[in-house]
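Work through the exercises below with the sequence and model at hand. Each task is followed by a stepwise solution.

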Amino acid sequence: MPLKYLIDENLRGKLSRSLPARALEAGLAVDCVTVGGEGGPALGMGDPELLRWAKEEGRVIISLDRNTLPAHLAMHLSAGLSSPGILLVRAGCSWEEVLDYLVIASALASEEEFGDRCSYLP
């Protein structure tokens with residue numbers, strides 16, 4: 001089953017427009033919603049609520065937030081909850097690398113590969 005993504009508000013402009021277009025170029029579709037966008041959670045939602053929303057919707061979070069999101073994930077997991085996972089964009093990565101990675105991961109990766117952990121991409 002293809003991965004579903006939740007694009008965090010710190011990436012919502014550029015990534016939310018570019019990712020579906022890149023997938024279409026590859027003849028694929030990517031299921032992504034954006035914080036503050038249609039079908040996504042509200043802007044300004046705190047990390048704990050965002051993690052619960054992503055869990056309920058089965059969406060891997062894509063974010064730049066290396067400061068607070070990993071710590072909130074640890075607390076989320078220590079409370080006995082699970083998570084589809086978090087993908088953090090590495091500083092210095094090109095958008096081309098990020099887009100290609102997300103399109104390929106959406107089509108080929110399983111939820112188990114990213115679940116309950118914070119991973120860096122690409």
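A salt bridge is a side-chain nitrogen of Lys or Arg within 4 Å of a carboxyl oxygen of Asp or Glu. The model is predicted: local features need pLDDT of at least 70, side-chain atom pairs count only at pLDDT 80 or more, and totals for chains, interfaces and linings use all residues. Residues are numbered from 1 along each chain as its sequence is written, and side-chain values use heavy atoms, with hydrogens and water left out.

**Exercise 1.** Find the salt bridges of Arg-22 with Glu-96 and with Glu-25, and place each partner in its helix.

Step 1. Start with Glu-96. Its side chain meets that of Arg-22 in a salt bridge, 2.3 Å from N to O. This pair links distant parts of the chain: Glu-96 sits in helix α4 (residues 95-108) and Arg-22 in helix α1, 74 residues apart. Helices here are DSSP runs (H or I, at least four residues), numbered from the N terminus.

Step 2. Turn to Glu-25. Its closest N and O atoms with Arg-22 are 3.5 Å apart, again a salt bridge. Both residues belong to helix α1 (residues 14-25), three residues apart, about one turn of the helix.

Step 3. Widen the view. Arg-22, Glu-25, Glu-96 and Asp-100 are linked in a network of salt bridges. The whole structure has five salt bridges.

**Exercise 2.** Is Arg-22 buried or exposed? Classify its two Glu partners as well.

Step 1. Set the cut-offs. Buried means under 20% relative accessible area, exposed over 50%, and partly exposed in between (1.4 Å probe, protein chains only).

Step 2. Apply them. Arg-22 has 15% relative accessibility, so Arg-22 is buried. Glu-96 has 45% and is therefore partly exposed. Glu-25 reaches 66%, so Glu-25 is exposed.

**Exercise 3.** Which residue forms a salt bridge with Arg-52?

Step 1. The partner is Glu-49, with the closest N and O atoms 3.6 Å apart.

Step 2. Both lie in helix α2 (residues 47-57), three residues apart, about one turn of the helix.

Step 3. Check accessibility. Arg-52 is partly exposed at 37%, and Glu-49 is partly exposed at 38%.

**Exercise 4.** Which residues line the largest cavity?

Step 1. The lining consists of Pro-2, Leu-3, Lys-4, Gly-58, Val-60 and Glu-111. A cavity is a set of points on a 1 Å grid over the protein atoms alone where a 1.4 Å probe fits but cannot get out; lining residues have an atom within 4 Å of a point.

Step 2. Sort the lining residues. They divide into three nonpolar, one polar and two charged. Ala, Val, Leu, Ile, Met, Phe, Trp, Tyr, Cys and Pro count as nonpolar, Asp, Glu, Lys and Arg as charged, and the others, Gly among them, as polar.

Note on methods. Helices (H or I, at least four residues) and strands (E, at least two) are DSSP runs, numbered from the N terminus. On a 1 Å grid over the protein atoms alone, a cavity is a set of points where a 1.4 Å probe fits but cannot get out, and a pocket is an open set with protein on both sides within 12 Å along at least five of seven lines; lining residues have an atom within 4 Å of a point.
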